[in-house]
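Reader: Please take me closely through the salt bridges of this model, saying where each partner sits and how open to solvent it is, and then relate them to the way the chain is divided.

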Amino acid sequence: MYSCALILAAGQGKRIKSNLPKVLHKVCGKEMVNHVIDTMRMAKIQDVNVIIGKGAELVQEMTQEKKVSYSIQSEQLGTGHAIICAKEFLKDKDGVVAIFTGDAPLVKSETVESLIKKHITEGNSATLLTSIIDNPNGYGRIIRSGDSVEKIVEHKDCNVSELETKEINAGMYCFNIKSLVDALDKLSNNNAQGEYYLTDVIGILKNQQEKVGALVTEFEETLGVNSRVELAKAEEIMKERINNKHLENGVTIIDPRSTYIGIDVTIGQDTIIYPGNVIEGNTEIGTDCMLYPNSRISNSKIGDNVEIQSSVILDSKVGGNTTVGPFAYIRPESVIGEKVRIGDFVEIKKSTIGNNTKVSHLTYIGDAEVGESCNFGCGTVVVNYDGKNKHKTKIGNNSFIGCNTNLVSPVEVKDNTYIAAGSTITKEVPEGSLAIARAKQTNIEGWVNKKALKK
Ligand code: UD1
Ligand code: CA
């Protein structure tokens, strides 16, 4: 059966107290609305429409890569009104629409699939996700008669006995598209909040003798984020899920509580992660790596058997058997080869470093192409910026760059070369040669005595 999804994301979220639209707040490094879109796709729903309003442009920009369509709700008159604003999307469609909210990122794709399956096999007009909790404060209550769901009553509209109900509406549903669209015409805003509630559609369908079903799931998955306290709670739950997945896959995480791994990160078997590591974005980490404490690795690909300690690696590649840090900074678009050493206080920016090259300490390499098996002495600086423009430096294979060398770009150092310590290189160094570019030493004998400086 055809299925599509609507994601409610038009509200500002007053309770989160933010200039940023609520659904753009991140959980484990990804915007809540993007978690929900990804979950829909994992549940095999391709056709996803996001209902936007508050901060619409920003929400659209931040979801751009997901290839979803949008409906605009320019005034937030309630969740039912939001769906009315998506009528254009639902028009001429026949099948199931899953409706989820952009502020509930913890729902699992398996649960979305079970909900759709239940909806189809039971032949329901609506099927909702519910859960049972001790403190249902703030949530819509599921009112049943016997086993069957009769209606949903919002917290603010509950009478005393309805308030006692512990079964809550997760705000996640499947509808038969035609039944939903017809029922939307019958919504009114005659309630405590003066809003058009999507939840009223359930009672309307029930009154028309249509079939309504419910799937009860654990509360954790249905947690809606309305405040920063709930945002932190969602982060904690998702972090534990992510870390457990890696532990089950054969990754050692010494202290999961202080290890932060983004949801899209992959990590190979037998990698060991010490506390204080933050691994973000689409990072891939190979097998048998040692991630010693306190690094941030973002959108990078790390090979097998790599050691990293107290360093920052952004949008770059690091080859197998390489060591990085402590205190190295690898900036975007760098490609570090295999068996390389990037040591302490080394900064690499937009450069390639060939296999077996050693850059052990106190060095800056920017906009450079460095060959294989080179050795950089302590304190080398690639002078890539002339105050106006950035220039490129090329260094061939087997070059030995002496300590405290400046390589004034653009400049080329050919294969099999030596540069004497303290040189400022401004001209090409030909293959097989030694370059010395520094003032010659002169000793003035007896100078101290003559000047009467001796203590
Ligand atoms: C809603 C449900 C409630 C349920 C709870 C679960 C209704 C009336 N109530 O309440 O039964 O227990 O979720 O978390 O549906 N939104 C719009 N446009 C609007 C209003 C809201 O797009 O005009 C979006 C919000 O951005 C948010 C979602 O809908 O992503 C839910 O809105 P929210 O105000 O948080 O509803 P709740 O009061 O939590
Ligand atoms: Ca909510």
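Author: Lys-44 is a good place to begin, since this side chain is exposed, with a relative accessible area of 60% (exposed means over 50% relative accessible area, buried under 20%, and partly exposed in between, with a 1.4 Å probe and protein chains only). The model is a predicted one, in which local features need pLDDT of at least 70 and side-chain atom pairs count only at pLDDT 80 or more, whereas totals for chains, interfaces and linings use all residues. Residues are numbered from 1 along each chain as its sequence is written, chains are lettered from A and ligands numbered from 1 in the order in which they are written, and side-chain values use heavy atoms, with hydrogens and water left out.

Lys-44 has Glu-113 as a salt-bridge partner, the closest N and O atoms being 2.6 Å apart (a salt bridge is a side-chain nitrogen of Lys or Arg within 4 Å of a carboxyl oxygen of Asp or Glu). Glu-113 belongs to helix H5 (residues 109–121) and Lys-44 to the loop between H1 and strand S4 (47–52), so the pair ties together parts that are 69 residues apart in sequence; helices (H or I, at least four residues) and strands (E, at least two) are DSSP runs numbered from the N terminus. Glu-113 itself is partly exposed, at a relative accessible area of 28%.

Strand S4 enters a further salt bridge, in which the side chains of Lys-93 and Asp-47 meet at 3.9 Å, N to O. This pair also links distant parts of the chain, with Asp-47 in strand S4 and Lys-93 in the loop between helix H4 (87–90) and strand S6 (96–101), 46 residues apart. Here Lys-93 is buried, with a relative accessible area of 17%, while Asp-47 is partly exposed at 27%.

In the pair formed by Lys-151 and Glu-162, the N to O distance is 3.8 Å, and the link runs from strand S9 (residues 148–153), which holds Lys-151, to helix H6 (residues 160–163), which holds Glu-162, eleven residues apart. Lys-151 is partly exposed, with a relative accessible area of 36%, whereas Glu-162 counts as buried at 11%. Elsewhere, salt bridges that share partners join Lys-30, Asp-38, Lys-66 and Asp-264 into one network. A search of the whole structure finds 20 salt bridges.

As for the division of the chain, domain 1 spans 3–222 and domain 2 spans 228–435, with bounds that come from an automatic or database domain assignment. Their centres, taken over C-alpha atoms, are separated by 45 Å, and 15 residues of domain 1 are in contact with 13 residues of domain 2, contact meaning heavy atoms within 4.5 Å. About 1,200 Å² is buried between the two domains, carbon and sulfur atoms giving 62% of this area; buried area is the accessible area (1.4 Å probe) that two parts lose on being put together, summed over both. Across this interface the rule finds two salt bridges. On the domain 1 side, the elements that give two or more residues to the surface touching domain 2 are strand S2 (26–27), helix H1 (32–42) and helix H9 (219–222). Glu-220 forms a salt bridge with Arg-241, the closest N and O atoms being 3.4 Å apart.
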